[in-house]
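Colleague: I am new to this structure and would like a close look at one part of it. Please go through the charged pairs and what lies around them.

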Amino acid sequence: MIDIQNVLIDISADASNSLGFKTNGLLLSGIEFPAAMTGSNITFDYSIDNTNWIDVVETDGTEVTYVVSVGNIQRLDPSGWAFAGEGWLRITSDGTEAADRTLKVYTRHS
């Protein structure tokens, strides 16, 4: 049985970055998007201290990017090291959000 946990995170109106959320060594496995999102793609930033952020990139150096699927849960590939490590993640929308947005992030044990 896979133990799935979730956490709600916010992207404030007139912002593009979410608040940071602690990974607790869990794998990131999905994101549920609200019915309205201004941005059409998301990327991720990683921090060891929730203060200094770096981009999460693929092995070819491009940012890990997912297409926003409003009102749906987007399955994520948790194979990247930042998704299974200790530290903090935040989600960045490619558009400044027109209103406060709440996303549900799903994590699981490896």
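**Salt bridges and a serine**

Modeller: Arginine 101 and glutamate 97 form a salt bridge, with their closest N and O atoms 2.9 Å apart. This comes from a predicted model. Both residues of that pair, arginine 101 and glutamate 97, are buried.

Glutamate 97 has a further partner: its side chain makes a polar contact of 2.8 Å with the side chain of serine 93. Serine 93 lies in strand S8, which covers residues 88-93. Serine 93 counts as buried because its relative accessibility is 4%, and the cut-off for buried is under 20%. Apart from neighbours within four places in sequence, serine 93 is in contact with Ile11, Ser16, Met37, Gly39, Asn41 and Ile42.

The count of salt bridges comes to two. The other one joins the side chains of aspartate 45 and arginine 90, with an N to O distance of 2.9 Å. This pair links distant parts of the chain, since its residues are 45 residues apart: aspartate 45 is in strand S4 (residues 41-47), while arginine 90 is in strand S8. Aspartate 45 and arginine 90 are both buried.

Strand S8 therefore appears twice in this account, because it holds serine 93 as well as arginine 90. To retrace the part around glutamate 97, start from arginine 101, which meets glutamate 97 in a salt bridge, and go on to serine 93, whose side chain shares a polar contact with that of glutamate 97.

Notes
Residues are numbered from 1 along each chain as its sequence is written. This is a predicted model: local features need pLDDT of at least 70, side-chain atom pairs count only at pLDDT 80 or more; totals for chains, interfaces and linings use all residues. Side-chain values use heavy atoms; hydrogens and water are left out. Helices (H or I, at least four residues) and strands (E, at least two) are DSSP runs, numbered from the N terminus. Buried means under 20% relative accessible area, exposed over 50%, partly exposed in between (1.4 Å probe, protein chains only). A polar contact is a pair of N or O atoms within 3.5 Å; within protein, one must be able to donate a hydrogen and the other to accept it, and residues adjacent in sequence count only if both atoms are side-chain atoms. Contact means heavy atoms within 4.5 Å. A salt bridge is a side-chain nitrogen of Lys or Arg within 4 Å of a carboxyl oxygen of Asp or Glu.
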